[in-house]
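Me: Please take a close look at a single part of this model and describe it in a connected way. I should like to know how the chosen element is placed among its neighbours.

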Amino acid sequence: MLTQTLSSKDLAWPPLPLAEWKDTCETLHMWTQIVGKVRLALCPHINHWWEVALYVSARGLTTSPMPYGRDTFEIEFDFIDHKIDINTSWGASKTLTLAPRSVAQFYHEFMDALHSLGIDVKIWPMPVEIPNPIRFDQDSQHASYDAEHAHRFWRILVTVDTVFKEFRGRFIGKDSPVHFFWGSFDLCVTRFSGRRAPERPGADRITREAYSHEVSSAGYWPGTGDMTGGAFYSYMAPEPPGFRESHVQPEKAYYSDQFHEFLLLYEDVRKSDSPRNTLLAFLQSTYEAGAALGKWDRESLEQPAWAKI
């Protein structure tokens with residue numbers, strides 16, 4: 001594996017240009033949506049759709065235990081041995097290999113594996129949050145899996161998950177878990193002011209629930225559209241006046257009019273002297289700018305060492 005030749009810093013923050021694994025990224029996105037929709041179908045609803053998310057694990061991405069009758073089962077993407085493990089509380093298990101094959105083939109093999117374990121679950125076989133979606137059971141277009149780049153992506157998630165959790169620990173108000181949303185294919189953490197947000201005209205049911213309260217949200221995703229690689233983002237919803245003009249850290253961070261959020265390219269973090277400190281500065285400075293402009297009650301929401309009134 002090429003990863004073994006990287007330096008210790010690059011093992012934690014490996015290079016991942018989007019062009020090198022775009023096809024794998026798009027295929028893996030669809031595979032995680034299939035697994036994530038099982039979680040959506042079976043787990044009780046939690047505010048802001050938190051019940052649908054996946055979580056970074058010691059080997060990949062996991063659903064965590066999901067209820068099934070009086071039992072539970074868990075599905076984990078393993079990006080070390082490149083497989084999917086389905087483990088149940090009644091002792092049965094099933095393993096599928098992660099290797100190049102179409103989304104349609106993966107969908108049928110995965111659903112057959114669930115049924116072989118006695119798990120009967122129906123999901124809507126249509127991808128979400130992407131342009132030009134193709135039904136999972138008909139998608140022969142996406143069929144790539146490069147193990148090295150999938151492993152690098154997971155290594156980034158492991159490192160970023162740790163930094164995000166450190167950032168999360170500075171806040172004592174309502175705060176989301178650090179979780180991976182398979183719809184948008186990003187790892188994120190969200191802080192709440194405690195106040196309800198204004199209604200969004202024309203918002204669908206999913207958006208209304210996701211943004212029912214004021215938030216400051218930050219995350220990482222591996223790249224999209226014209227971007228050449230991954231990026232970190234930070235936004236406020238609703239966005240207070242003057243937020244986009246805020247001076248934030250580091251200097252290479254910028255406000256994107258396209259996405260309506262501050263962005264910091266992953267490569268700029270990776271190549272910095274201290275990627276951890278660079279990322280924390282971005283998270284903290286963008287949050288502080290938005291919380292100050294939004295008149296959040298920071299004294300009651302932040303750990304004393306981070307409350308700057």
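**Strand 10 and its surroundings**

Reply: In this predicted model, strand 10 and strand 12 (residues 261–265) pair in the antiparallel sense, with 4 bridges between them. Within this pairing, Ala 231 of strand 10 is placed opposite Leu 265 of strand 12. Strand 10 itself spans residues 231–237 and is mostly covered, 7 of its 7 residues being buried. The side chains divide between two directions: Ala 231, Tyr 233, Tyr 235 and Ala 237 point one way, while Phe 232, Ser 234 and Met 236 point the other way. Residues of both sets are buried. Ala 231 thus appears twice in this account, as a buried residue of strand 10 and as the residue opposite Leu 265.

Strand 10 also pairs with strand 9 (residues 213–221), again in the antiparallel sense, and here the pairing runs over 7 bridges. Tyr 235, one of the buried residues of strand 10, has Ser 217 opposite it in this pairing.

From strand 9 the pairing can be followed further. Strand 8 and strand 9 are antiparallel partners over 7 bridges, and Leu 187 in strand 8 has Tyr 220 of strand 9 as its bridge partner. Strand 8 covers residues 186–196 and is likewise mostly covered, with 8 of its 11 residues buried.

Strand 8 is in turn paired with strand 7 (residues 179–181), in the antiparallel sense and over 3 bridges. Phe 181 stands opposite Asp 186 of strand 8. Strand 7 and strand 8 form a hairpin with 4 residues between the strands, and in this hairpin Phe 185 adopts a positive phi near 60°.

Turning to the helices, helix 4 (residues 147–168) packs with helix 7 (residues 275–293) at an angle of about 40°, and their axes are 10 Å apart. Helix 4 and helix 7 are therefore oblique to each other, since an angle counts as oblique when it falls outside the ranges under 35 degrees, 65 to 115 degrees and over 145 degrees. The crossing of the two helices is right-handed. Helix 4 contributes Val 163, Phe 164, Glu 166 and Phe 167 to the contact, and helix 7 contributes Arg 276, Leu 279, Leu 280, Leu 283, Gln 284 and Tyr 287. By class, the residues of this contact comprise 7 nonpolar, 1 polar and 2 charged.

Terms used: Residues are numbered from 1 along each chain as its sequence is written. This is a predicted model: local features need pLDDT of at least 70, side-chain atom pairs count only at pLDDT 80 or more; totals for chains, interfaces and linings use all residues. Side-chain values use heavy atoms; hydrogens and water are left out. Axes are lines fitted to C-alpha atoms, for helices over the stretch in contact, and angles run from 0 to 180 degrees between N-to-C directions. A crossing is left-handed if the near helix is turned anticlockwise from the far one by less than a right angle, and right-handed if clockwise. Contact means heavy atoms within 4.5 Å. Ala, Val, Leu, Ile, Met, Phe, Trp, Tyr, Cys and Pro count as nonpolar, Asp, Glu, Lys and Arg as charged, and the others, Gly among them, as polar. Buried means under 20% relative accessible area, exposed over 50%, partly exposed in between (1.4 Å probe, protein chains only). Two strands pair if DSSP finds at least two bridges between them.
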